[in-house]
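Reader: I am new to this structure and should be grateful for a guided tour of it. May I put my questions one by one?

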Amino acid sequence: MFKEARTDAMFTWGMIGDITEGRPNLGSSMDVTVYRLMQFTLRDVIIQEFDPATADRLFYRAGELAGRELFRAAITQKTNFGAFVQELEDLLSTLKIGILRVEKSDLEKMEFTLTVAEDLDCSGLPVCDETICTYDEGFISGLLLEFSGKRVVVKEVDCWCSGDRVCRFEVRPAA
Ligand SMILES: [Zn+2]
């Protein structure tokens with residue numbers, strides 16, 4: 001599962017396993033602290049071993065893969081954009097990833113502005129003049145790629161870390 005060399009993604013939803021069987025006492029929930037501990041230490045080590053640009057690129061790619069696989073595993077609304085967005089808002093809320101809102105959308109141009117409040121990755125972090133939700137950028141691009149079949153570039157323009165109360169993402173078609 002994790003020991004084979006590969007150049008293509010091999011992730012499947014089944015790798016997540018049967019949590020009900022595996023954690024009969026602890027269940028499927030855990031503290032946000034643990035998620036951030038995992039993500040931020042991994043990112044720190046990638047920066048040390050490589051550089052910040054590589055860490056950003058890897059986190060974006062991993063987020064994109066996650067968005068694509070979550071879409072395949074959990075999204076049923078695959079044709080109507082409004083219905084898709086509603087289902088996605090509900091799903092991200094249920095999974096406690098964040099509270100998604102679509103501020104602007106132009107499906108023809110593939111241009112969107114999205115916000116995520118109470119974001120799992122960053123809400124409550126110290127303000128540091130950085131937008132840090134690179135994983136989320138990729139995550140959103142993966143979801144939109146699966147819905148539309150079109151590649152987009154997602155850039156976080158506001159973040160809790162840059163002093164805002166929500167994370168705001170601009171979506172544009174990939175060049
Ligand atoms: Zn953010």
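**Cavity, sheet and pockets**

Author: In this predicted model, the lining of the largest cavity draws at least two residues from each of α4, β1, β2 and α5.

Reader: How many cavities of 30 Å³ or more are there, and what is the volume of the largest cavity?

Author: Rolling a probe the size of a water molecule over the atoms shows where empty space is left. With 30 Å³ as the lower limit, the count is 1 cavity. The volume of the largest cavity is about 150 Å³.

Reader: Which residues lie nearest the centre of the largest cavity, and what classes make up its lining?

Author: There are 17 residues in the lining of the largest cavity, and Leu 88, Leu 100, Leu 114, Ile 140 and Leu 143 lie nearest its centre. Sorted by class, this lining has 15 nonpolar, no polar and 2 charged residues.

Reader: In what order do the strands of the sheet stand, and which are the edge strands?

Author: The open sheet is formed by 4 strands with antiparallel pairing, and their order is β1-β2-β4-β3. A strand at the edge pairs on one side only, and this holds for β1 (99-106) and β3 (152-158).

Reader: By what angle are neighbouring strands of this sheet turned against each other, and which helix packs on the sheet?

Author: On average, with direction ignored, neighbouring strands of the sheet are turned by 20° against each other. The sheet also carries a helix, which touches β1 and β2 and whose direction makes about 160° with that of β1. This helix, residues 81-94, is α4.

Reader: How many bridges join β1 to β2, and which residue of the turn has a positive phi?

Author: Running antiparallel, β1 and β2 are joined by 7 bridges. One of the pairs sets Ser 105 opposite its bridge partner Phe 112 in β2. The two strands form a hairpin with 4 residues between them, and the turn residue with a positive phi, about 55°, is Met 110.

Reader: How do the other strands of the sheet pair, and which residue stands opposite Val 153?

Author: β2 and β4 run antiparallel and are joined by 6 bridges; Thr 115 has Arg 168 in β4 as its bridge partner. β4 (residues 166-173) also pairs with β3 in the antiparallel sense, over 6 bridges. There, the residue of β4 opposite Val 153 is Arg 172.

Reader: Is β2 mostly covered or mostly open, and how many of its residues are buried?

Author: A residue counts as buried under 20% relative accessible area. By that cut-off β2 is mostly covered, and the number of its 7 residues that are buried is 6.

Reader: Are Glu 118 and Asp 129 buried or exposed, and what are their phi values?

Author: Both belong to the loop between β2 and α5: Glu 118 is found there, and so is Asp 129. The cut-off for exposed is over 50% relative accessible area. Glu 118 is therefore exposed at 60%, and Asp 129 is likewise exposed at 70%. Neither is a glycine, yet phi is positive in each: about 55° for Glu 118 and near 65° for Asp 129.

Reader: Where is Ile 132 found, and is Ile 132 buried or exposed?

Author: Ile 132 is found in the loop between β2 (111-117) and α5 (134-148). Its relative accessible area is 11%, and because buried means under 20%, Ile 132 is buried.

Reader: Which residues is Ile 132 in contact with, and how far in space is Asp 158 from Ile 132?

Author: With neighbours within four places in sequence left aside, Ile 132 is in contact with Phe 40, Arg 43, Asp 121, Cys 122, Leu 125, Glu 156, Cys 159 and Cys 161. Asp 158 is 26 residues from Ile 132 in sequence, and the C-alpha to C-alpha distance in space is 9.5 Å.

Reader: How much space lies in the second largest pocket, and which residues are closest to its centre?

Author: The space in the second largest pocket is about 340 Å³. Of the 16 residues that line this pocket, the closest to its centre are Arg 43, Asp 56, Thr 131, Ile 132 and Thr 134.

Reader: How much space lies in the largest pocket, and which element gives the largest share of its lining?

Author: The largest pocket holds about 2,200 Å³ of space. Among its 44 lining residues, Phe 11, Ile 16, Tyr 35, Ala 66 and Tyr 135 are the closest to the centre. The largest share of the lining is 11 residues, and the element that gives it is α3.

Terms used. Residues are numbered from 1 along each chain as its sequence is written. This is a predicted model: local features need pLDDT of at least 70, side-chain atom pairs count only at pLDDT 80 or more; totals for chains, interfaces and linings use all residues. Side-chain values use heavy atoms; hydrogens and water are left out. Buried means under 20% relative accessible area, exposed over 50%, partly exposed in between (1.4 Å probe, protein chains only). Contact means heavy atoms within 4.5 Å. Two strands pair if DSSP finds at least two bridges between them. Axes are lines fitted to C-alpha atoms, for helices over the stretch in contact, and angles run from 0 to 180 degrees between N-to-C directions. On a 1 Å grid over the protein atoms alone, a cavity is a set of points where a 1.4 Å probe fits but cannot get out, and a pocket is an open set with protein on both sides within 12 Å along at least five of seven lines; lining residues have an atom within 4 Å of a point. Grid points are joined across faces, edges and corners, and a volume is the space filled by probe spheres set on the points. Ala, Val, Leu, Ile, Met, Phe, Trp, Tyr, Cys and Pro count as nonpolar, Asp, Glu, Lys and Arg as charged, and the others, Gly among them, as polar.
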